[in-house]
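Q: I am new to this structure and would like a close look at a single part of it. Could you start at one residue, describe its surroundings, and then lead me outward step by step?

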Amino acid sequence: MKRTLAAVIFIGFGLQSAAAQNFTAAFADPAWDGRKLPAGQHCSKFGGKGATPPLRVDGIPTGANAIVVEFNDRSYYDLSTDGGHGKIGFPVAPGAISVTLPSVPGETASLPSGAFVHKRNRATGSYATAGYLPPCSGGRGNAYFADVLAVELADGKIVRTLGKTTIELGRY
């Protein structure tokens, strides 16, 4: 009995790991190429009207009820991890295996239906804004990326992460 239970637990873990390995994100707009930020997709402090890129997410693991996208600046340590530029969430229908996440505006907590600020950016001083802070290095070539998470949310908190992938946004 003990061996059978252990085998079932191991097999179940293996299936979840395989599903998480197939979890992917790609740009849904060809203007985003992952090398250079599209024109105007930076913060208002430097004359931009930045918004999140629309993303196609595939291989959503069973049990995920949201996708949370954590935006980061690899070149600026204080905002380089854990959604330094903000975390935007999108509810996922039960059993969904693919979804296209719409672009949402930066520097605001007022997002279109189907998107929510999971956690505002950690910028300070004149860089601090509500929600997602678009790239804001002033064009110094900083490298921006996003961690895309398939999660189980309860009461607005991540209970568990079921899948994770990273997408390079580009340099600004």
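A: Let's begin with Ala130, which sits in the loop between E6 and E7. Please keep in mind that this is a predicted model. Ala130 has a relative accessible area of 31%, so Ala130 counts as partly exposed, between the 20% limit for buried and the 50% limit for exposed. From Ala130 to Val117 there are 13 residues in sequence, and their C-alpha atoms are 8.6 Å apart in space.

The loop between E6 and E7 also holds Tyr132. With a relative accessibility of 2%, Tyr132 counts as buried. What ring does Tyr132 pair with? The partner is Phe71, which is buried too, at 3% relative accessibility.

Two numbers help to picture such a contact. A pair of aromatic rings is described by the distance of the centres and the angle of the planes. The structure holds 2 aromatic pairs. In the pair of Phe71 and Tyr132, the ring centres are 4.5 Å apart and the planes meet at 55°, so this pair is called tilted. Because Phe71 belongs to strand E3 while Tyr132 belongs to the loop between E6 and E7, the pair ties together parts that lie 61 residues apart in sequence.

Here is the other pair, for contrast. Among the 2 aromatic pairs is that of Phe27 and Trp32, with centres 5.8 Å apart and planes at 25°, so this one is stacked. Trp32 is buried, with a relative accessible area of 7%.

Back to Phe71, which leads us to a small empty space. Rolling a probe the size of a water molecule over the atoms shows where empty space is left. Across the whole structure, a search finds 1 cavity of 30 Å³ or more, and the largest cavity has a volume of about 30 Å³. Phe71 is one of its lining residues, together with Thr52, Pro53, Leu55, Val69, Ile88, Phe90, Leu101 and Pro102. By class, this lining has 8 nonpolar residues, 1 polar residue and no charged ones. Strand E3 (66–73) and strand E4 (87–91) each supply at least two residues of the lining.

Now for the sheet that contains these strands. Strands of a sheet pair through backbone hydrogen bonds, either parallel or antiparallel. Here 5 strands form an open sheet in the order E6-E4-E3-E7-E8, and the pairing is antiparallel. Its edge strands are E6 (116–119) and E8, each of which pairs on one side only. On average, neighbouring strands of this sheet are turned by 30° against each other, direction ignored.

At the E8 end of that order, strand E7 (residues 143–154) pairs with strand E8 (residues 157–171) in the antiparallel sense over 12 bridges. Ala150 has Gly163 of E8 as its bridge partner, and Glu152 stands opposite Arg160 in E8. The hairpin of E7 and E8 has 2 residues between the strands, and Asp155 takes a positive phi near 55° there.

One more place to visit is the largest pocket, which holds about 270 Å³ of space. It is lined by 15 residues, and the closest to its centre are Tyr76, Leu79, Ala123, Tyr127 and Cys136. That lining divides into 7 nonpolar, 4 polar and 4 charged residues, whereas the lining of the largest cavity has no charged residues.

How values were computed:
Residues numbered from 1 in each chain as written. Predicted model: local features only at pLDDT ≥ 70, side-chain atom pairs only at ≥ 80, totals over all residues. Heavy atoms only, no water. 1 Å grid on protein atoms, 1.4 Å probe; cavity = no way out; pocket = protein on both sides within 12 Å on 5 of 7 lines; lining within 4 Å. Points joined across faces, edges and corners; volume = space filled by probe spheres on them. Nonpolar A, V, L, I, M, F, W, Y, C, P; charged D, E, K, R; others polar. Helix = DSSP H or I, 4+ residues; strand = E, 2+ residues; numbered from the N terminus. Pairing = 2+ DSSP bridges. Axes fitted to C-alpha atoms, helices over the stretch in contact; angles between N-to-C directions. Phe/Tyr/Trp six-rings, centres within 6.5 Å; stacked < 30°, edge-to-face > 60°. Buried < 20%, exposed > 50% of the residue type's maximum accessible area, 1.4 Å probe, protein only.
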